[in-house]
Amino acid sequence: MYLFQDKPIFLTGFMATGKSKVGPLLADRLGRVFVDTDDMVVASAGKTIPEIFEQDGESVFRQLEHEAIQQASLMDRIIVSLGGGAIAQARNWDVIGATGVCLCFNASVETIFERVSRRRDERPLLMGLDDEGLRHKIKTMLQERDPFYKKADAFVTSTEERSPEETADMALAALEKVGS
């Protein structure tokens, strides 16, 4: 399959919607390399994302994230998992729109809550929240980011009932519709 030729396929969506689990499966099926911009940021900064947020602030993180997106956009035959908030930056959409295609992962508030509540202290924007606060924060952030997520070229929904492999099949079908 020669989907989108060599253009990057960018994966967006809120945290815990399946980008990191489904992305490598999708890359394997398409004969592409999978990269995660969060991993690129960590490698570049030499610190974890929570350390960047704590020591340098969110603006430094967002700059490093933008540089990672620019770098990834220059690679051939790649699938790029974006951090959940990357799409809220217009300059990132400029890069994505000019160089590739974007697939957005969706999930319900409850699915996201179940997934992030197990590891909430690893996510700087969710640290220290109780269950009620966590649900509220997820809902609020989803509402704020929704207009940006809607800019994607294709969409797939991740659920607890569907395996990552099934979600990858659905993602591939959604991308094929865009590519035809």
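Here are some questions and answers on the largest pocket and three helix contacts of this predicted model.

Q: What makes H6 oblique to H7?
A: Start with the angle: H6 and H7 (residues 131-149) pack at about 125°, and their axes are 10 Å apart. Roughly perpendicular covers 65 to 115 degrees, and roughly antiparallel needs over 145. An angle of about 125° fits neither class, so H6 counts as oblique to H7. As for handedness, H6 passes H7 in a right-handed crossing.

Q: How do you know that H6 and H7 meet, and which residues do it?
A: Contact here means heavy atoms within 4.5 Å. On the H6 side you'll find Val109, Glu110, Ile112, Phe113, Val116 and Ser117, and they meet Asp131, Leu134, Arg135, Ile138, Lys139 and Leu142 of H7. Sorted by class, that contact holds seven nonpolar, one polar and four charged residues.

Q: Why are H3 and H4 called oblique to each other?
A: Their axes cross at roughly 130° and come within 7 Å. Once again, 65 to 115 degrees is the roughly perpendicular range and over 145 is roughly antiparallel. Roughly 130° belongs to neither, so H3 and H4 end up oblique. H3 brings Ile49, Ile52, Phe53 and Asp56 to the contact, while H4 brings Glu58, Val60, Phe61 and Leu64. The class split is six nonpolar, no polar and two charged.

Q: Why do H2 and H4 count as roughly perpendicular?
A: For this pair the axes cross at roughly 115° and come within 9 Å. The roughly perpendicular class runs from 65 to 115 degrees, so H2 and H4 get that label. H2 passes H4 in a right-handed crossing.

Q: Which residues make the contact of H2 with H4?
A: From H2 come Thr37, Asp38, Met40, Val41, Ser44 and Ala45; from H4 come Phe61, Leu64, Glu65, Ala68, Ile69, Gln71 and Ala72. By class that's eight nonpolar, three polar and two charged residues.

Q: What makes a residue part of the lining of the largest pocket, and which ones are closest to its centre?
A: A lining residue has an atom within 4 Å of a pocket point. The pocket's volume is about 1,100 Å³. There are 40 lining residues, and Met15, Ala16, Ser20, Arg119 and Arg123 are the closest to the centre.

Q: Which helices supply the lining, and what classes do its residues fall into?
A: H1 (19-30), H2 (37-45), H3 (49-56), H4 (58-73), H6 (109-117) and H8 (164-179) each give at least two residues. H1 has the largest share, four residues. The whole lining splits into 13 nonpolar, 12 polar and 15 charged residues.

Definitions and conventions: Residues numbered from 1 in each chain as written. Predicted model: local features only at pLDDT ≥ 70, side-chain atom pairs only at ≥ 80, totals over all residues. Heavy atoms only, no water. 1 Å grid on protein atoms, 1.4 Å probe; cavity = no way out; pocket = protein on both sides within 12 Å on 5 of 7 lines; lining within 4 Å. Points joined across faces, edges and corners; volume = space filled by probe spheres on them. Nonpolar A, V, L, I, M, F, W, Y, C, P; charged D, E, K, R; others polar. Axes fitted to C-alpha atoms, helices over the stretch in contact; angles between N-to-C directions. Parallel < 35°, antiparallel > 145°, perpendicular 65-115°, else oblique. Left-handed = near helix turned anticlockwise from the far one by under 90°.
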